[in-house]
Amino acid sequence: MRQFNQSKLQQALGDKKMWERVASSPDAKALAAMLSQGQSQASLKQIAESAAKGDTAQLGQLIQSVAGSPGGAELLRRLNESFGQKK
């Protein structure tokens, strides 16, 4: 995936319309389904809380499992591209 520079990342984090568009996309819904496969809600919450505190090991493993699944890498690529689109 293409790396964001700091200013682009800050701009993306503040772009509410972009987040709404991405979050409501079929790709985001497919990613949510992939992330929840084999994971309980409590487990996903714990992974998110750990990542928010700086421990991203479990999140990295979860993302690697998605990227390694059939269609997962393509799904992540499309979502990454959607972050750069403005509407």
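How do α3 and α6 lie to each other, oblique or not oblique?

1. In this predicted model, helix α3 (residues 26–36) packs on helix α6 (residues 72–83) at an angle of about 140°, and the two axes are 10 Å apart. An angle over 145° would count as roughly antiparallel, and α3 and α6 are therefore oblique to each other. The crossing in which α3 passes α6 is left-handed.

2. The contact between these two helices is made, on the side of α3, by D27, A28, A30, L31 and M34, which meet G72, L75, L76, R78 and L79 in α6. Sorted by class, the residues where α3 touches α6 are seven nonpolar, one polar and two charged.

3. Within α3, the buried residues are D27, A28, L31 and M34. Looking down the axis of α3, one finds these buried residues within an arc of 120°, so they line one face of the helix. An α-helix has 3.6 residues a turn, so residues three or four places apart point the same way. On the other side of α3, P26 and K29 are exposed, while the cover over the buried residues includes α2 (16–23), α5 and α6. After α3 comes G38, which has a positive phi, near 75°.

4. A second pair to examine is helix α4 (residues 41–52) and helix α5 (residues 57–67), whose axes come within 7 Å and cross at roughly 125°, which makes α4 oblique to α5. Here L44, Q46, I47, S50 and A51 in α4 meet Q58, L59 and L62 in α5, and the residues of this contact divide into five nonpolar, three polar and no charged.

Note on methods: Residues numbered from 1 in each chain as written. Predicted model: local features only at pLDDT ≥ 70, side-chain atom pairs only at ≥ 80, totals over all residues. Heavy atoms only, no water. Axes fitted to C-alpha atoms, helices over the stretch in contact; angles between N-to-C directions. Helix = DSSP H or I, 4+ residues; strand = E, 2+ residues; numbered from the N terminus. Parallel < 35°, antiparallel > 145°, perpendicular 65-115°, else oblique. Left-handed = near helix turned anticlockwise from the far one by under 90°. Contact = heavy atoms within 4.5 Å. Nonpolar A, V, L, I, M, F, W, Y, C, P; charged D, E, K, R; others polar. Buried < 20%, exposed > 50% of the residue type's maximum accessible area, 1.4 Å probe, protein only. Arc of directions from axis to C-beta.
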